[in-house]
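Thanks for coming. Please have a look at the slide before I start talking.

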Amino acid sequence: MEAINDVHVSEPGLVVVDVAAADDETAFAFHTALAARWATTLVERTTRDAGQPGVRLRCYLDLRQPVNASGQAPGSH
């Protein structure tokens, strides 16, 4: 995975989440659970490290923007 840039964690409440899971389904399910609660980046694919079991996924989330019941951050349209 690429390095974490300063901008990714430049303010309190910004989080980089690296997920290691047995398979794509598990990794995407975890991301879906995060996205149901906080504003997150979209993820389209996982990565595999040669010679290592499982898959990896990285997403960025903003704890300052809780998601409401409609699946959007308050104030977004």
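I will go through the overall layout, then the helix, the core, the salt bridges, and one residue at the end.

First, a caution: this is a predicted model. The protein chain has one helix and three strands. In sequence order, the pattern is β-α-β-β. The chain has 77 residues, and 23% of them are buried. Now take the contacts between residues at least 6 apart in sequence: 57% of these join residues at least 24 apart.

Next, the helix, H1. How does its span compare with what 12 residues at 1.5 Å a residue should give? The expected span is 16 Å, and the end C-alpha atoms of H1 are 16 Å apart, so the two agree. At the start of H1, Asp 23 places a side-chain oxygen within 3.3 Å of the backbone nitrogen of Glu 25.

Which residues of H1 are buried? They are Ala 27, His 31 and Leu 34. These three cover an arc of only 55 degrees around the axis, which means that they sit on the same side of H1. The general background is that an α-helix has 3.6 residues a turn, so residues three or four places apart point the same way. On the face turned away from the buried side, H1 carries the exposed residues Glu 25 and Thr 32. As for what covers the buried residues of H1, the list includes E1, E2 and E3.

That brings us to the core. In soluble globular proteins, nonpolar side chains tend to be buried together. Here the largest nonpolar core has 10 residues: Val 17, Val 19, Ala 21, Ala 27, Leu 34, Val 43, Val 55, Leu 57, Cys 59 and Leu 61. E1, H1 and E3 each supply at least two residues of this core. Which element gives the most? E3 does, with four residues.

One of the core residues is Val 43. Leaving out neighbours within four places in sequence, Val 43 is in contact with Phe 28, His 31, Leu 57, Arg 58 and Cys 59. Of these, His 31 is one of the buried residues of H1 that I listed earlier, and Leu 57 and Cys 59 are core members themselves.

Now the charged side chains. In general, side chains of opposite charge can pair when their charged atoms come close. How many salt bridges does the structure hold? It holds four, and I will describe three of them, beginning with Arg 64 and Glu 11. Their side chains meet at 2.5 Å, N to O. Arg 64 lies in strand E3, residues 55-66, and Glu 11 in the segment before strand E1, residues 14-21, so this pair ties together parts that are 53 residues apart in sequence. Both ends are partly exposed: Arg 64 has a relative accessible area of 43%, and Glu 11 has 41%.

Arg 64 also meets Asp 62 in a salt bridge, at 2.8 Å, N to O. Is Asp 62 buried or exposed? Asp 62 is buried, because its relative accessible area is 8%, and the cut-off for buried is under 20%. Through shared partners, salt bridges join Glu 11, Asp 62 and Arg 64 into one network.

The next salt bridge is between the side chains of Arg 58 and Asp 18, at 2.6 Å, N to O. Arg 58 lies in E3 and Asp 18 in E1, so the pair ties together parts that are 40 residues apart in sequence. Arg 58 counts as buried, because its relative accessibility is 16%. Asp 18, at 43%, counts as partly exposed.

Last, Ala 39. Where is this residue found? Ala 39 is in strand E2, residues 38-40. Ala 39 is partly exposed, with a relative accessible area of 22%. Apart from neighbours within four places in sequence, the contacts of Ala 39 are Tyr 60, Leu 61, Asp 62, Gln 65 and Val 67. Tyr 60 is 21 residues from Ala 39 along the chain, and their C-alpha atoms are separated by 8.5 Å. Two other names in that contact list have come up already: Leu 61 belongs to the largest nonpolar core, and Asp 62 belongs to the salt-bridge network.

That is the end of my part.

Notes:
Residues numbered from 1 in each chain as written. Predicted model: local features only at pLDDT ≥ 70, side-chain atom pairs only at ≥ 80, totals over all residues. Heavy atoms only, no water. Buried < 20%, exposed > 50% of the residue type's maximum accessible area, 1.4 Å probe, protein only. Contact = heavy atoms within 4.5 Å. Core = buried A, V, L, I, M, F, W, Y, C linked by side-chain atoms within 4.5 Å. Expected span 1.5 Å × (residues − 1). Arc of directions from axis to C-beta. Polar contact = N/O pair within 3.5 Å; in protein donor to acceptor, adjacent residues only side chain to side chain.
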